[in-house]
Amino acid sequence: TLRPAHACLLLALAWLPPPRTAAAGPEQDSLALEGRFIRHVTIVAHSIFDPLPPHARGLYGFANRIHIVTRPSTVRSALVFREGGPWSEARRAESERHLRALTFVLPDSVSAFPVGADSVDVRVVTHDNWTTSPEFSIESGGGQRFGSFAFVERNFLGLGTALSLSYRSDVTGISRVARVEDGEIFGSHWRGRAWFGNNQGGDTQGATLALPFWADDAPRSALANWSLDRFDEQLFAGGQEVASLPARLEHADAALGVGYRTEGGAILRWIGSFELRDRVLGASVLQPGAPAGFAGPSETRLVRRLTGEMQLSRPDFRVVRAVEQMDRDEDLDLGPAIALKAGFAPRLFGSTDDEGYVRARMALGCSAGRLGFGTLEAGAESRLRPSPVEEVGDVTARWVQQPRRDVAAVAGVYGIAGRRTTRDFQVTLGGINGLRAYPVHELTGTQAWRGNAELRWVAVRNCLQLVSVGGAAFWDTGRTWGLGAGHEPWHHDAGFGLRISLPHSALNAVARFDVAWPVLTQGRDRRGPAYSFGSGQAF
């Protein structure tokens, strides 16, 4: 059993500075230029296929001609160094991570060249990805079929602006949403997002304007956002809808933050905010057999609170491949992080009651060399009125081992639990979310555990510069407890799947076709396999 003292010891060990290792090759050259002033930054942005492959040059050339190359200003806004500032290896690596996170470009190189005795010129070379793509998912099992489709342009006119239209049909109804998002407004670090749409029994709309901590040592942040969702909430038990109620959720935030890097390399940030969390629930409409806990009259709860948050982290990034993506480098942070947040919502501000709020989150990572690496994230939050209500805690743990470059064995565990929550709080397991042989909302409750193990491999990489193909074999298990869970046992399934990746597409996911069978599950009669086809990994 992990006792609090043991957890504190683990955190203390994690905060020890990592051992220093001697750099070699290009990194050694970069370190030799550490601290020099950056005289000039040159951006070289290549199209999708540059140089053109020797086969089918006409086809690949046509793709280049109809594609708008990312503008140098868009690439420049992702960099964390500027002309006139100091050059450092840490900022070079961070800039590469930012470019990879954009998905519509890939950094070929970020290099510094000495000029005179105290300056450098920096050359940034990138390749574009294809940015217009569909995203989809289809699930079939237990006599049900659900799916979603989205059409996305991630780099409109080369400006880094994303436009999307999405359609989703599932057991809760049909929803349609349009969204626009700009990660670098007018070439700055400000980000904006707006969306609107309709869903079962209502609509959704909102907007966000934010200046995030755009670099590890960024000194400040700001946030303003508002969202309104109106919908019919469905509650499930035994895999069937047994209750519904109208819901209206309105959220708004205004926040300012300051941060800095300590001499020991840790990043400390403080964020103050005003939060609006208004929730209106209508009277429940119950079906025969619905749990009594799903019943309730109309209720309104208004929360307007002031909060303060402290974030402390020590980033330790590693570059991996063939874990979540088949063709791209992936950035994984194994460094420790902790965030503590507290607030108070007084009636004076319009809140329904005087109440407090607390939240804590932590993350840890570790590497065991050839044995692989793992991550652990956990968190808990609660309102205080004055005794705790709406207590929710969750934990996610993963371990990855790669016996070969194109093979990854991934095991993950996810748990969540709620106590004294509102009647619309429900955890679900089933379908494409990680219990793949069972219908959506097969398992419901207020507490859940889910485990997944998957062996992934890449069979053919970057064939004709168009497609990579791989496969997977997996095992899923899960169970729920609490209101709406009944007496369902642990559910298990096993299966295999096909994995397809488009190396030059900005669709930052792997398309998959899975076939899964229930195994070792007592109780219900299960017939035939369940199929799922989607553009993203299950976990």
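This section describes the overall make-up, helical elements, aromatic pairs and charged contacts of a predicted model.

The secondary structure of the protein comprises five helices and 28 strands. Of its 539 residues, 46% count as buried. Among the contacts with a separation of 6 or more, 58% are made by residues 24 or more positions apart. The accessible surface of the protein comes to about 26400 Å², and carbon and sulfur atoms contribute 61% of that area.

Two of the helices are considered here. Helix α5 covers residues 89-102. At 1.5 Å a residue, its 14 residues should span 20 Å, and the C-alpha atoms at its ends are 21 Å apart, which agrees with that expectation. The buried residues of α5 include the leucines Leu-99 and Leu-102, and Ser-95 also belongs to this set. Charged residues are likewise found among the buried positions of α5, namely Glu-89, Arg-92, Glu-94, Glu-96, Arg-97 and Arg-100. Just after the helix, Thr-103 adopts a positive phi of about 70 degrees.

Helix α3 spans residues 57-66 and contains Ala-63. With a relative accessible area of 15%, Ala-63 falls under the 20% limit and is therefore buried. When residues up to four places away in sequence are not counted, Ala-63 touches Phe-49 and Trp-130. Ala-63 and Phe-49 are separated by 14 residues in sequence, and their C-alpha atoms lie 8.1 Å apart.

Aromatic side chains provide a further set of contacts. A pair of aromatic rings is described by the distance of the centres and the angle of the planes. The model contains five aromatic pairs. One of them is formed by Phe-274 and Phe-349, which meet edge-to-face with 6.3 Å from centre to centre and 65 degrees between the planes. This pair links distant parts of the chain, 75 residues apart: Phe-274 belongs to strand β12 (residues 267-281), whereas Phe-349 lies in the loop between β17 (337-345) and β18 (355-367). Phe-274 is partly exposed, at a relative accessible area of 32%, and Phe-349 is partly exposed as well, at 35%. In another pair, that of Trp-481 and Trp-490, the ring centres are 5.8 Å apart and the planes stand at 80 degrees, so the arrangement is edge-to-face. Trp-481 has a relative accessible area of 28% and is partly exposed; Trp-490, at 33% relative accessibility, also counts as partly exposed.

Aromatic rings also meet charged groups. The charged end of Arg-305 sits over the ring of Tyr-357, at 3.9 Å from the ring centre. Similarly, Arg-436 places its charged end over the ring of Phe-474, 3.8 Å from the centre.

Side chains of opposite charge can pair when their charged atoms come close. Across the whole structure, 39 salt bridges are found. In one of these, Asp-121 pairs with Arg-39, and the closest N and O atoms are 2.6 Å apart. Asp-121 lies in strand β3 (residues 119-128) and Arg-39 in strand β1 (residues 37-46), so this salt bridge ties together parts of the chain that are 82 residues apart in sequence. The two partners contrast in accessibility: Asp-121 is buried, with a relative accessible area of 18%, while Arg-39 is exposed, with 52%. A further salt bridge joins the side chains of Arg-76 and Glu-83, at 3.9 Å from N to O. Arg-76 counts as partly exposed at 30% relative accessibility, and Glu-83 is partly exposed with a relative accessible area of 41%.

Arg-436, noted above for its position over the ring of Phe-474, also forms a salt bridge with Asp-514, in which the closest N and O atoms are 3.4 Å apart. Asp-514 is part of strand β27 (residues 511-518) and Arg-436 occupies the loop between β22 (427-429) and β23 (443-445), so the pair ties together parts 78 residues apart in sequence. Both Asp-514 and Arg-436 are buried. Through salt bridges that share partners, these two residues belong to one network. The other members of this network are the arginines Arg-398, Arg-456, Arg-499 and Arg-512 together with the acidic residues Glu-324, Glu-454 and Asp-476.

How values were computed: Residues are numbered from 1 along each chain as its sequence is written. Side-chain values use heavy atoms; hydrogens and water are left out. Helices (H or I, at least four residues) and strands (E, at least two) are DSSP runs, numbered from the N terminus. The expected span of a helix is 1.5 Å times one less than its number of residues. Buried means under 20% relative accessible area, exposed over 50%, partly exposed in between (1.4 Å probe, protein chains only). Rings of Phe, Tyr and Trp (its six-membered ring) pair if their centres lie within 6.5 Å; planes under 30 degrees apart count as stacked, over 60 as edge-to-face and the rest as tilted. A charge sits over a ring if NZ of Lys or CZ of Arg is within 6 Å of the ring centre and within 35 degrees of the ring normal. Contact means heavy atoms within 4.5 Å. Accessible areas come from the Shrake-Rupley method with a 1.4 Å probe; for residues, only the protein chains shown count as cover. A salt bridge is a side-chain nitrogen of Lys or Arg within 4 Å of a carboxyl oxygen of Asp or Glu.
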